[in-house]
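Student: Hey, I've just opened this one and I'm new to it. Can you walk me through it?
Tutor: Sure, let's put it up and start with a term we'll need.

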Amino acid sequence: MAEDTQITWLTQEAYDRLSNELEELSGPARIEIAKRIEMAREEGDLKENGGYHAAKDEQGKIEARIRQLTQLLRTAEVGATPESHGVVEPGVVVTALVAGGEERFLLGSREIAGNADLDVYSSQSPLGSAIIGLKIGETTTYTAPNGRDITVEVTNVETFEG
C-alpha cells in the first residue's frame with residue numbers, strides 16, 4: 001500500500017453492506033445498464049437520443065461508485081464499534097461546542113453511518129484531526145479551510161449505536 005493511502009474504519013455491518021452494494025453494481029447493475037445502452041443505440045441517431053445519453057451518464061456513475069467502493073473496501077479496517085471511554089477516536093459520536101454552537105456528530109466515514117441521522121466528519125478533516133485524542137471537557141482550536149480559528153470543546157463522547 002502507498003504511504004498516502006488512508007485506512008477507513010468500518011463496522012462489520014457497514015463492510016457487508018458495502019460489499020453487497022459492490023457485488024450488485026459489478027454484476028446485475030452493469031448488465032442492466034449495458035442492455036439499456038444497447039436498446040437506446042438501436043433507436044438510431046445517437047446525437048439526439050436522450051435515452052442513450054441518460055444511460056451512458058448512469059453507466060459513468062455506476063463505474064465511479066464501483067471504483068470508490070473497491071478502493072474503500074481494499075483499505076478498510078473492519079472491527080467492532082469502539083466502546084466510548086470518554087476519548088475522541090474514529091467511530092464514536094461526539095458532542096462538542098464548535099464556535100459556540102453545540103454539534104453532535106459521528107467521527108469517521110459516511111459509510112459507517114449508513115442511514116443514521118448524524119452529521120459525519122472524517123478523522124482527517126480539520127475538525128476531526130483537531131479533536132482526535134481529546135477527552136470530555138478538553139478544548140482546542142483549529143484553523144478552518146476559510147482561515148478562521150475555531151474553538152472546540154468536547155462535551156460528550158459516546159459509543160456509536162449504528
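Tutor: A nonpolar core is a set of buried Ala, Val, Leu, Ile, Met, Phe, Trp, Tyr and Cys residues joined through side-chain atoms within 4.5 Å. Also keep in mind that this is a predicted model.

Student: OK, so which residues touch the most other members in the largest nonpolar core?
Tutor: Those are Leu 10, Leu 18, Leu 25, Ile 62, Leu 106, Ile 112 and Phe 160, out of 23 residues in that core.

Student: And which elements give two or more residues to this core?
Tutor: They are β1 (8–10), α1 (12–41), α2 (50–74) and α3 (110–113). The biggest giver is α1, with eight residues.

Student: Let's zoom in on Ile 62. What is it in contact with, leaving aside neighbours within four places in sequence?
Tutor: With those neighbours set aside, Ile 62 is in contact with Leu 25, Ala 29 and Ile 33.

Student: What does the second core include?
Tutor: That one is separate and has 16 residues, among them Ala 96, Leu 127, Ile 131 and Ile 150.

Student: Stepping back, how many helices and strands are there?
Tutor: The chain has four helices and seven strands. Reading from the N terminus, the order is β-α-α-β-β-β-α-β-α-β-β.

Student: Is the whole thing a compact globule or more spread out?
Tutor: More spread out: the radius of gyration is 21 Å, while the globule rule gives 15 Å for 162 residues, so the chain is well over that value. Along its principal axes, the C-alpha trace spans about 65 × 35 × 35 Å.

Student: How much of the chain counts as buried?
Tutor: Of the 162 residues, 35% do. The chain exposes about 9,600 Å², and carbon and sulfur atoms supply 47% of that.

Student: What about contacts between residues 24 or more positions apart?
Tutor: Those make up 54% of the contacts with a separation of 6 or more.

Student: Switching to charges, how many are positive and how many negative?
Tutor: There are 15 positive and 29 negative charges, and their mean positions are 7 Å apart.

Student: Last one: where is Ser 125?
Tutor: Ser 125 is in the loop between β5 (119–121) and α4 (126–131).

Student: Is Ser 125 buried or exposed?
Tutor: Buried, because its relative accessible area is 16% and the cut-off for buried is under 20%. As for Gly 108, 17 residues apart from Ser 125 along the chain, the two C-alpha atoms are separated by 9.7 Å.

Key
Residues are numbered from 1 along each chain as its sequence is written. This is a predicted model: local features need pLDDT of at least 70, side-chain atom pairs count only at pLDDT 80 or more; totals for chains, interfaces and linings use all residues. Side-chain values use heavy atoms; hydrogens and water are left out. The radius of gyration is taken over C-alpha atoms; the globule rule is 2.2 Å times the number of residues to the power 0.38. Buried means under 20% relative accessible area, exposed over 50%, partly exposed in between (1.4 Å probe, protein chains only). Contact means heavy atoms within 4.5 Å. Accessible areas come from the Shrake-Rupley method with a 1.4 Å probe; for residues, only the protein chains shown count as cover. Lys and Arg count as positive and Asp and Glu as negative; His and the chain ends are not counted. The place of a charge is taken as NZ of Lys, CZ of Arg, CG of Asp or CD of Glu.
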